[in-house]
Structures are given as structure tokens and as C-alpha cells.
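Subject: Handing over the structure, with notes

Dear colleague,

Here is the structure I promised to pass on, and below it I have written up what was found in it. Please keep it open while you read, so that you can look up each residue as it comes.

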Amino acid sequence: MDGANALMCTLVESGITTLFTNPGTTELHLVEAAEATPGLRSVLALFEGVVSGAADGYGRIAGRPAATLVHLGPGQGNAWANFHNARRAHTPIVSLIGDHATYHKRFDPPLESDIAAVARALGSAVRTPLMAEQVSSYAASAPGRISTVIMPADVSWSPTETMATPMPPSPASIVPSERIERIAAMAGRGAHTVLLLGGAACREEGLRAASRIAVATGIPVFTETSPARLEHGAGLPGFPRLGFYPEQAVAQLKGASHVLLAGVHEPVVMGFAYLGQPSSPVPADAAMVTLAAPDEDAARALTELAAMVAPGTAAKVAAAARPAMPSGPLTLQSWPQVLGALLPEDAIIVDESISSGMAVPAATAGAPRHDLLSLTGTAMGMGLPLAAGAAIAAPDRPVILLDGDGSAMYTISALWTHAREHLNITTIILKNSSYGILREEWEHLREPGQNELHDSPLINLGGAPLDFTGLAQSMGVPSAHADTSEELAEHLTRALTEPGPHLIEAVVPAII
Ligand SMILES: Cc1ncc(C[n+]2csc(CCOP(=O)(O)OP(=O)(O)O)c2C)c(N)n1
Ligand SMILES: [Mg+2]
């Protein structure tokens, strides 16, 4: 056995059975070991941003980490934006990065760079085994974190007999009962408390407990603006999401004396600083009270709190209700209605629809229950890779990706992985031929006298063709074009009945 084999065996014995990779020379011993390791599925992506995004999608749905393998610092750099989204989603990943042989590095070969520094910028624990004997004890995952192992090539190819004991992913830590009792006492004392749910609290158990608390105490409940994984639809409690823009979020939290946090950090307005607007939507004199931090078991804490403050109270759930099927040219209201009207049972929706998707939550609120994965770190190019990872984690569930045309182009090569792995993904490209959200953002930012950017070539995509149907077909993904609700409904129905990937290019108006 060599270091590379010890590493791959340890991963599988620790329950990590999927590896997303884009390898190079320094990873070839690891590739050989991955191929030789029973129980490990290895998936090639053609760009490292697809590798990291797929591992995020896999982890969000499987609830356990995938491993990634990329080529030195440049591979890590290419993967970085989607690792950032994964970090913001608290998705556990074991990130393996090949490096030059230890004795080769001092010559500063062209691919040499400070890999550890880039990994640490992800809040990652970084470990570099210097002997093959160390490898398998370094491969542990951490809950909600990206764990990086930098593998020097000579450590991969050196012999070892050492296999560490398997390291199954550790569960989230349990909230002490005293904290929950303290909060239960506070909930009954007439304070104007608001409950904010994020992370694991957005799964069924947490949502049901939050609803019981809301029914029994009158506390308003919101979910974070972009939950990593929200269980949504008929039969589940549904709560409004904290608004994207400061004026929306400020209005939602107005008058709160306490903001109770379950699975989420103190809220910040989702995006950016705007002149004259606050960065936090929380009233200045309100107290932040943490029921469960993101690395704690928020669902269990909510269930315990519900048992104290809402005994015998039932959760209020959304009734089954699909939107009526619209007709005519696609609008920002109608395309989500087509989706809501046709959404299959047990779907996974990956949402990178940006400015075109404002009506998605309402149109799907009473549709059959589904998981909604959203853009946690707002680094574009997440959707196509995330869908790949989600589909690999749940091969029997239909995955529907809602993707802006600009966002899709960052990681368009993921379509090749959709086709090669024969994944059940239907990609709907919202083609508004612009970076529509940046048009809208400029309207929030610009002051009197500042130029219009509405038609700027730097935030619009006209001037050269972007044919998503052709791009998809060239990579083996069947595709179709829709201008109307009728066409979108027809193509979506077909895509959902045929196995394998599909892409629908849906032409929509820009938001402004
Ligand atoms: C990695 C990265 N680069 C750039 C941006 C800035 N950005 C935010 S939204 C956006 C455009 C998104 O375009 P599209 O997917 O077409 O959605 P639309 O705005 O048209 O709704 C850009 C470039 C970003 N958030 N992340
Ligand atoms: Mg667009």
C-alpha cells in the first residue's frame, strides 16, 4: 500500500464514497488509488469550480461529505468561489489538493504557490502529511467545515502499512438543556421576540417545532434569506424569508426586542452596503439570543423548546395548492407558475435564478414538498455544479435547476458532467440577456446626477449570441427553447418524464 491508497481507503471506511475531481500530474497516484478503491465513485468535472460546487450539492443533500481532488494552487484557485458558497452553506467537504514532491518545492517550479494560505481563507483546517504513515489520520472531516489535506506527490507514492481507524463524520453538538430552559422562560415574558431559522432548522423537524412555537406564543418566524437547504411545499410549515434588501428586512424585524437565532448567525442584510441604509436589519436596541449556533443541532433544540412552550400544540402546515397554468409570453410571474403547476413529488430545486426568481417561493408554496437549495455565498456559477452533486447524492429524485443566463456561463462545462453521468437534472435557463440584478442594484446605489447603466455593455449580454440550446446539445444534453408558458410547460413535462439531463432555454424579460 502507498500513501495514496491509504488515503482513499480511509475516506471510504469513514463513509466518504464520492470524489469529485479535476486532476493533474501531482494527483495521478491518487487517481490510480481512487480507481482501485472499491466503494468509491469518482466523477470527473472539466473545471474546478464544478468540482467544488458539486461537492457542496452532494453534501447538502446526502448530509455527509464528499471529497474533492484538484491540482495544486491553481486548481484550488479555480475551485475557490464554489468552496466559498459551500463554506457559507456549512457543507462539510474533504478537500484534497495535490502538491509537488516535498524535495521538489524548493526549486520553485511553475505550479508552486501557497496552497495552505488559499485554503485557510476558507476557514479550513489545513493538514499536510509529510510521511505516508500520517496520511490516513489526516483525512478526517469536520461538521459544517471544509477540511483540506495537501498531498505532496512523494507522500502519495511512498509505501506505508499504517491505516488509521475510520473517522465517521462527527454529528453536530447538542445544545445544553439549561440554555433552552432559559430561553423558554424568556419566551413567555411579553418580550417582542422574533425567531430566525437557518441551517438545519430549515429541515422538516425544525420547521414543525418552530411552527408549534409560533402558534403557541405568537412569535413571528422568518427563515434566512438564502437557506442552504429548505424543506418547502405542501404539508410543511412555510415561513417568509428575510428580505434581500435592507428596507424589506428592516420592516420585517421592526419593533423586535429579542431576535432568537436557530441554526444561524446574527443576520446582516443579504447583500451589500447601500448609502444611508443599515447593514443589520436588527433594531439597535434588540438583543440577539442564540438558541443554536450553526454548528449545533438546531432542529433538536427547537423541538425541545417546543416541548416546553407549546406542549400539545400542532404545527400549521401549507395546504396543497398549485398555481393555475398560465398562458402567453413568459413573464417573471408566469414562468414560476408553470414550475409550480408541474413540480413533481420529492423534487430538488436548485435556485440560482437571481432577479428572475422573485415569484418562485409563492408559486411553489403549496406544490408537492421539495428541497430548495439556494445561493448561500452569492458567488455566481453555483447552480450547474450544485445540481450535479445533488443528483449524484439522490439519483432517484428529480433535480430542477433554475439558472440565470449570466450565472450559468461561469460553469457551463458542468453540462458535460450532467450528460456523462446521465444525471436526472432539468436545467431551466432564465434568458434575460443581461446581468439583470446589477441593473436593479444600480438603481438602489446611484445618487442623483450619476449615470444610467441600464444599457451598459458591461452589465448586459447582448452583442454576441448565447445559444444555450446549442451549448447543451454540443455536450450531450437534449435541449429546447421556450418563449411562452405553453412551450415551457410542454418541454418541462417531457424533460421530467424522460430520464437523464435536459435543458430548457426560457426567454424572460429583465426585472427592470
Ligand atoms: C463570482 C461572482 N462574480 C460576479 C458576481 C456579481 N454578480 C452578481 S449577480 C451577477 C449577474 C447574474 O446574472 P444572471 O445569472 O443572468 O442573473 P440576472 O441578474 O440576469 O437575474 C453578477 C455578475 C458575483 N456575485 N459572483
Ligand atoms: Mg440574466
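Two residues are said to be in contact when heavy atoms of theirs lie within 4.5 Å. Please bear in mind that this is a predicted model, and that what follows describes the model.

With that meaning of contact, R88 can come first: leaving aside its neighbours within four places in sequence, R88 is in contact with T376 and G377. R88 belongs to helix α4, which covers residues 72–88, and although R88 and T376 are 288 residues apart along the chain, their C-alpha atoms are separated by 5.6 Å. R88 is partly exposed, with a relative accessible area of 49%.

A little further along the chain, T91 sits in the loop between α4 and β4 (93–99). Is T91 buried or exposed? With a relative accessible area of 2%, T91 is buried, and, not counting residues up to four places away in sequence, T91 touches A55, D56, G59, R60, A86, G144, R145 and I146.

Another residue to look up is A379, which is placed in the loop between β13 (370–374) and α13 (383–393). Its relative accessibility is 16%, and because buried means under 20%, A379 counts as buried. Beyond its neighbours within four places in sequence, A379 is in contact with A81, N82, H84, N85 and E352. The C-alpha atoms of A379 and N78, which are 301 residues apart along the chain, are separated by 13 Å.

Next comes the backbone, where two residues deserve a careful look. Most residues other than glycine have a negative phi. L72, however, has a positive phi of about 45° although it is not a glycine, and D346 likewise has a positive phi, of about 65°, without being a glycine. L72 lies in helix α4 and is buried, with a relative accessible area of 0%. D346, on the other hand, is found in the loop between α11 (334–342) and β12 (348–352), and is partly exposed, with a relative accessible area of 42%.

The helix α11 itself can be described as largely enclosed by the rest of the structure, because seven of its nine residues are buried. Those buried residues are S334, W335, P336, V338, L339, G340 and A341, and what covers them includes β12, α12 (360–364), β14 (399–404), β15 (425–431) and α18 (485–497).

W335 appears again in the nonpolar interior. In soluble globular proteins, nonpolar side chains tend to be buried together. In this model the largest nonpolar core has 53 residues, of which L195, L197, L291, L302, L305, W335 and L402 touch the most other members. The largest share of this core, six residues, is supplied by helix α10 (residues 298–309). Apart from this core lies another one, of 50 residues, among them I61, V70, L72 and V477, so that L72, with its positive phi of about 45°, is a member of a nonpolar core as well. To see the surroundings of one residue of the 53-residue core, you could select L197: setting aside its neighbours within four places in sequence, L197 is in contact with C202, L207, A210, V221, F222, T223, E224, F239, A262, V264 and L302.

Finally, there is ligand 1 to consider. Which residues are closest to ligand 1? Among the 17 residues that surround ligand 1, the closest are S355, D405, G406, S407 and I437. This shell divides into six nonpolar residues, ten polar residues and one charged residue. Both α14 (405–410) and α16 (436–445) supply at least two residues of the shell, and the largest share, four residues, comes from α14.

Backbone atoms of the protein also lie at short listed distances from the ligand's polar atoms: a backbone N or O atom of T378 lies 2.8 Å from a nitrogen atom of ligand 1, a polar backbone atom of G406 is 2.7 Å from an oxygen atom of ligand 1, and a polar backbone atom of I437 is 2.8 Å from an oxygen atom of ligand 1. Taken alone, ligand 1 exposes 580 Å², and the protein buries 79% of that area.

With best wishes

Notes: Residues are numbered from 1 along each chain as its sequence is written. Chains are lettered from A and ligands numbered from 1 in the order in which they are written. This is a predicted model: local features need pLDDT of at least 70, side-chain atom pairs count only at pLDDT 80 or more; totals for chains, interfaces and linings use all residues. Side-chain values use heavy atoms; hydrogens and water are left out. A nonpolar core is a set of buried Ala, Val, Leu, Ile, Met, Phe, Trp, Tyr and Cys residues joined through side-chain atoms within 4.5 Å. Buried means under 20% relative accessible area, exposed over 50%, partly exposed in between (1.4 Å probe, protein chains only). A residue is near a molecule or strand if one of its heavy atoms lies within 4 Å of it. A polar contact is a pair of N or O atoms within 3.5 Å; within protein, one must be able to donate a hydrogen and the other to accept it, and residues adjacent in sequence count only if both atoms are side-chain atoms. Accessible areas come from the Shrake-Rupley method with a 1.4 Å probe; for residues, only the protein chains shown count as cover. Ala, Val, Leu, Ile, Met, Phe, Trp, Tyr, Cys and Pro count as nonpolar, Asp, Glu, Lys and Arg as charged, and the others, Gly among them, as polar.
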